[in-house]
Amino acid sequence: MKKNIIAPRTLSGFMELLPQEQAVFNKIKSVLEGVYSSFGFFPLDTPVLEYSEILLAKAGGETEKQLYRFSKGDTDLTMRFDLTVPLAKYVAKNAGNLSFPFKRYQIGKVYRGERTQRGRFREFYQSDIDIIGDGQLSIINDAEIPAIIYNIFTKLGINDFTVRINNRKVLNGFYDMLGFGEQSQDIMRIVDKIDKIGQENVIEELGKIGVETEKANRLIEFIRIDGSCAEVVSKLKQLGDNEIYLQGVSELEQVTSLISSFGVPEKFFKIDLSIARGLDYYTGTVYETTLTAHPEIGSVCSGGRYDNLAEYYTERKLPGVGMSIGLTRLFYILNEKNYINKNDFGSPCDAMIIPMANDENYSQTLAYAVKIGAYLRENGISTQIYYENKKFKGKISYADKLSIPNVVFIGEDEIKNGVITVKNLKTHEQQTLAQDKAVEFIVSNKKQSGSLVIMGEEDA
RNA sequence: GUGGGUAUAGCGUAGCUGGUUAACGCGUCAGUUUGUGGCACUGAAGACCAUCGGUUCGAAUCCGAUUAUCCACCCCA
C-alpha cells in the first residue's frame, strides 16, 4: 500500500539552505551584528505583519502591486516589504521613550510579491541600520554609514566593492537648472540605466518623454563627470549657482572627505552622479554598493539621507540616514560564485567525540564521553558526541563530511589513563593529552581559520 | 503586469530526425574482515521522462492546454 506522498516543494523566491550553507549565512549575519554593535547601534525587531494602513501610508504604484496582503477576520494585514516603514512607525510610537540620535540595526525577512529572477527573491533578509535625529542630524552621520559598510565588507573578506555616493540635492538642483520640473523622477530612472543600455539609448528614451537632445547631452555629460572625489567636487562647483545645487555639492564634499577620515581607502568609494535608484524618500546623500566584479546582480546595499522619516505617523520631524544590505542577495551571489569558505565556516561545532567501545563497555565509555563533552564546552569548545553504535569508519567520516575540524577519540586506554586523544582532521595531527592540554590544542588550531569570503581568481 | 525559453532519479545533465529493460556524473546508503576519515574499488537504493489531453501500430521524443521554473522588461536589496 503506497501512501499518498505530497511532493516537498518550497515556494519560488523563498530561499532555503542546506545546513552548512545556513551555518555560513548565520556567521555572516553575526559579523554584521558585531559591526553594528561596535558602532553603538541597538538591535531592534518588529513584527512581520502590520496593519495594512500602517505599511500603506505612503505606498503607491509598484510597491502596492507587490504586497502580500490579506485579511484575518476583520483585520486588514500586510507583510512588511522593507524595514524602514516599520522603523518609522516604531520611532513615532515610541519617540517619548527613545533617546536621540536613535541608532538601531535590524536584520529581518521582508516580503515582496515580485516576479522572481536570479538574485531576486520574494522573501529575503534585509539588514538595516538607521540613525534618527530629533529635529536635526549632523552630516557626519552620512559619512559614518559608508564607513560601516566598509567595515562589514572587509571583515567578511570581500575586497571587491565600491560604495557609490551621490546627493539628491545635487541632482534636483541640476535638474532645476536644466528646467526639468515634474519629469525629474522619470529622467533619473532613465539616466540610471546608462550602464546597462548605453548612452545612445538613454538619449533616445529621454527624447521619447520630451527631453531635447541638447539637454540630454548636457545631462549625460554631467553624470559622466569622473575622477577622485575631490576632483569631481571641484568640477561640480563650477557648474552652477542654484542654491539647492550648491548645498548638495557642499554636502557631497563634506561627506566624501569625512569618509576618508573614518579610515576608508579611496578605492572603496566614489562619487557617481548617475545613481538614482530607490530615491523616493531620500533627500540628500544616497549610496549604492555593488560588487565590482558582478554589477549584473545589482545593488547589494543601498541607502541614504531622508528629511522626515515618520511624517505619516507623527508631527515630529525626524531626519535620518541609513542603509540596507540585501543580505539574501549578497549571500546568494557569494554562494553562486563559490566565494564562501564553507570548509572553515560551515561546521556545526569545533569537535566531535567518538566513543570507541564494543557492546560490553559501551555505557562506561559513553559516560566518560559525556563528561569530556561537558568539559570541552565549559572551555568554549562547541562539541558534539557521536552516540550511534556504528562502525568507526562511519563515525569519523561523519565528522569529515560535516567539516568538523577536530575529533576526540575515547576508548579503554583513554579512560584508564584519564586522557583523551584529539585529532585535527585538517592537519592530520593527533595527540593524546590531558583534558586541559587538549583544549589548548583545539583552540590553537581554531585560530588559523581564514576569512568567511574568499574572492577568488577562479572567477571566469 | 508584458514578452521569450525550459521542464528526464535529491542535484547536474545525455537521450540526434518517435521504435521494445531511459543512460551518465555528483550526492546518498552498504561493503572492501571489528581504534583512524578524506582517495580508490565493488555494489545498492532512487525516474509511472511536470500534469492533462491529442497525433500514431508505437511518444521522454511530435502537437495543444495547464502548471512550475528561468530570462528580459518593469521595479528593486
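Phe42 stands opposite Arg104 of strand β5, in a predicted model where local features need pLDDT of at least 70, side-chain atom pairs count only at pLDDT 80 or more, and totals for chains, interfaces and linings use all residues. Strands β1 and β5 (residues 102-111) pair in the parallel sense over 2 bridges, where pairing requires that DSSP finds at least two bridges between two strands. Residues are numbered from 1 along each chain as its sequence is written, while chains are lettered from A and ligands numbered from 1 in the order in which they are written.

**Overall layout and confidence**

- Chain A has 17 helices and 16 strands, these being DSSP runs numbered from the N terminus (helices are H or I with at least four residues, strands are E with at least two).
- The C-alpha atoms of chain A fill a box of roughly 90 × 55 × 50 Å along the principal axes.
- The mean pLDDT of chain A, the predictor's confidence in each residue on a scale from 0 to 100, is 88, and 95% of the residues reach 70 or more; the model scores ipTM 0.82 and pTM 0.90.
- Among the elements of chain A, strand β1 (residues 42-43) has the highest mean pLDDT, 97, and helix α3 (residues 62-65) the lowest, 66. Where pLDDT is low, the predicted coordinates should not be read in detail.

**Strand pairing**

- An open sheet of 8 strands with mixed pairing runs in the order β1-β5-β6-β11-β10-β9-β7-β8, and its edge strands, β1 and β8 (269-271), each pair on one side only.
- Strands β3 (residues 69-72) and β4 (residues 75-79) pair in the antiparallel sense over 4 bridges, with Lys72 having Thr75 as its bridge partner; the two strands form a hairpin with 2 residues between them, and Gly73 in the turn has a positive phi of about 60°.
- Strand β12 (residues 351-355) runs parallel to β13 (residues 383-385), joined by 3 bridges, and pairs with β14 (residues 406-410), also in the parallel sense, over 5 bridges. Ala351 has Thr383 of β13 as its bridge partner, and Pro355 has Ile410 of β14.

**Buried residues and cores**

- Of the 460 residues of chain A, 37% count as buried, meaning that 20 or more other C-beta atoms, placed from the backbone, lie within 10 Å of a residue's own.
- Both faces of β12 are covered, with Ala351, Ile353 and Pro355 buried on one side and Met352 and Ile354 on the other.
- The largest nonpolar core (a set of buried Ala, Val, Leu, Ile, Met, Phe, Trp, Tyr and Cys residues joined through C-beta atoms within 7 Å) has 95 residues, and those with the most contacts inside it are Val91, Ile149, Ile187 and Val191. Helix α5 (residues 140-156) gives the most to this core, with 8 residues.
- A second, separate core of 20 residues includes Met352, Leu376, Ala438 and Val439.

**Surface near RNA strand B**

- Of the 45 residues around RNA strand B, Ser12, Arg118, Gly326, Phe392 and Gly411 come nearest, a residue being near if its C-beta atom, placed from the backbone, lies within 6 Å of the strand.
- Helix α15 gives the most to this surface, with 7 residues, and other elements that give two or more include β6 (123-132), β10 (301-306) and α12 (327-336).

Technical notes: A residue is buried if 20 or more other C-beta atoms lie within 10 Å of its own, exposed if 12 or fewer, and partly exposed in between; C-beta atoms are placed from the backbone.
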